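Work through the following exercises with the sequence and the model open. Each task is followed by a solution in steps.

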Amino acid sequence: MIDNDSFSDSLTFPSTTDQVAKADEFLETWLRKIGVPEDTIANLAIAVTELVNNAIKHGNKLKKNKMVTVSITYASGNIEITVADEGEGFNPENIPDPLAEENLLKEIGRGIFIVNSLIDDVKFQFPPRGGTKVTIKKNIG
Amino acid sequence: MKLTSREDNGIVILEPKGKIMGGPDATVLHDQLHEFIDQNKKKVVIDLAKVEWMNSTGLGILISGLTTLRNNGGELKLARVTEKIESLLTITKLITVFDSYDSVEEALKSFA
């Protein structure tokens with residue numbers, strides 16, 4: 001739905017890696033419509049594609065019958081984006097430090113660290129019915 | 001992401017273009033890198049000037065290329081790293097791992 005200065009929309013897709021680009025296109029299209037600066041779009045797109053990759057691979061474990069939903073809400077300069085999966089959830093505290101010497105050359109394990117570095121407001125939720133829901137917020141004034 | 005490649009005096013120059021975000025697209029760069037290694041082409045420059053942005057998938061591909069090349073007696077250098085990617089390399093401390101150059105020419109000379 002779109003109004004003068006507010007809207008909400010969502011995209012739900014199966015857990016296949018070819019969906020990452022579609023999620024990015026969905027996100028960037030909306031961000032451009034509301035006039036978000038390009039540098040901020042890039043940061044949000046990096047963060048959201050990290051979360052979508054995690055949802056597809058680690059949350060839903062590439063099971064095509066499990067869905068990922070990306071939701072975006074905009075009101076009065078505030079953007080809220082949520083990525084939700086149907087997996088078993090995880091403990092963000094248990095993620096190894098990607099900056100530790102022994103992890104520096106590992107090919108994976110930087111996604112959540114990058115999200116937290118680029119976005120000030122990141123919230124992880126693990127609903128009782130299962131799954132992981134990550135919400136990021138950005139104010140564009 | 002689109003990927004082109006060329007060679008200069010036995011050094012491979014890879015030129016990805018677009019975004020490196022994961023999905024089937026990202027495997028193209030990974031597979032191409034490993035194809036060159038299989039062909040015993042072990043000096044590689046990745047020209048990042050036309051990469052809009054990458055996420056941790058892209059960083060993982062660069063690390064995979066670097067470690068595989070080094071383990072086989074080769075080397076990977078980065079050229080024309082954009083501000084956005086340099087910022088990611090900095091926050092992940094990977095800036096300390098990669099040799100990066102302002103131009104492809106400088107990266108090529110560094111192999112001499």
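**Exercise 1. Strand pairing**

Task: How many bridges join strand S2 of chain A to strand S3 of chain A, and do the two run parallel or antiparallel?

Solution. The model is a predicted one. Locate S2 at residues 67–75 and S3 at residues 78–84 of chain A. Seven bridges join these two strands, and they run antiparallel. One pair to find on screen is Tyr74(A), whose bridge partner in S3(A) is Ile79(A).

**Exercise 2. The sheet as a whole**

Task: In what order do the strands of the open sheet in chain A lie, and which are the edge strands?

Solution. Step one is the order: the five strands follow S1-S2-S3-S5-S4, with antiparallel pairing. Step two is the edges. Strand S1 (6–14) and strand S4 (121–125) of chain A each pair on one side only, and these are the edge strands. Step three is the twist: on average, neighbouring strands of this sheet are turned by 15 degrees against each other, direction ignored.

**Exercise 3. A helix on the sheet and its helical partner**

Task: Which strands does helix H2 of chain A lie across, and are H2(A) and H3(A) roughly parallel or antiparallel to each other?

Solution. Begin with the sheet. Helix H2 (residues 38–59) of chain A lies across S2, S3 and strand S5 (133–139), and runs at about 20 degrees to S3(A).

Next, take the helix pair. Two packed helices are described by the angle between their axes and the distance between the axes. The axes of H2(A) and helix H3 (residues 111–118) of chain A come within 9 Å and cross at roughly 150 degrees. Angles over 145 degrees count as roughly antiparallel, and H2(A) and H3(A) are therefore roughly antiparallel to each other. The crossing of H2(A) past H3(A) is left-handed.

Last, list the contact. From H2(A) come Asn43(A), Ile46(A), Ala47(A), Glu50(A), Leu51(A), Asn53(A) and Asn54(A); they meet Gly111(A), Ile114(A), Val115(A) and Leu118(A) in H3(A). By class, the residues of this contact are six nonpolar, four polar and one charged.

**Exercise 4. Positive phi in a loop**

Task: What is phi of Lys61(A) and of Leu62(A), and where do these residues lie?

Solution. Most residues other than glycine have a negative phi. Lys61(A) has a positive phi of about 50 degrees although it is not a glycine. For Leu62(A), also not a glycine, phi is positive and near 60 degrees. Lys61(A) lies in the loop between H2 and S2 of chain A, and Leu62(A) is placed in the loop between H2 and S2 as well.

Now assign exposure. A residue with 12 or fewer other C-beta atoms within 10 Å counts as exposed. Lys61(A) has 12 and is therefore exposed. Leu62(A) has 13, so it is partly exposed.

**Exercise 5. The contact between the chains**

Task: How many residues does each chain give to the contact, and which element of chain A gives the largest share?

Solution. Chain A gives 21 residues and chain B gives 20 residues. On the side of chain A, the elements that give two or more residues are helix H1 (19–33), H2 and H3. The largest share, six residues, comes from H2(A). Sorted by class, the side of chain A that touches chain B has 11 nonpolar, five polar and five charged residues.

Conventions
Residues are numbered from 1 along each chain as its sequence is written. Chains are lettered from A and ligands numbered from 1 in the order in which they are written. This is a predicted model: local features need pLDDT of at least 70, side-chain atom pairs count only at pLDDT 80 or more; totals for chains, interfaces and linings use all residues. Two strands pair if DSSP finds at least two bridges between them. Helices (H or I, at least four residues) and strands (E, at least two) are DSSP runs, numbered from the N terminus. Axes are lines fitted to C-alpha atoms, for helices over the stretch in contact, and angles run from 0 to 180 degrees between N-to-C directions. Two residues are in contact if their C-beta atoms, placed from the backbone, lie within 7 Å. Angles under 35 degrees count as roughly parallel, over 145 as roughly antiparallel, 65 to 115 as roughly perpendicular and the rest as oblique. A crossing is left-handed if the near helix is turned anticlockwise from the far one by less than a right angle, and right-handed if clockwise. Ala, Val, Leu, Ile, Met, Phe, Trp, Tyr, Cys and Pro count as nonpolar, Asp, Glu, Lys and Arg as charged, and the others, Gly among them, as polar. A residue is buried if 20 or more other C-beta atoms lie within 10 Å of its own, exposed if 12 or fewer, and partly exposed in between; C-beta atoms are placed from the backbone.
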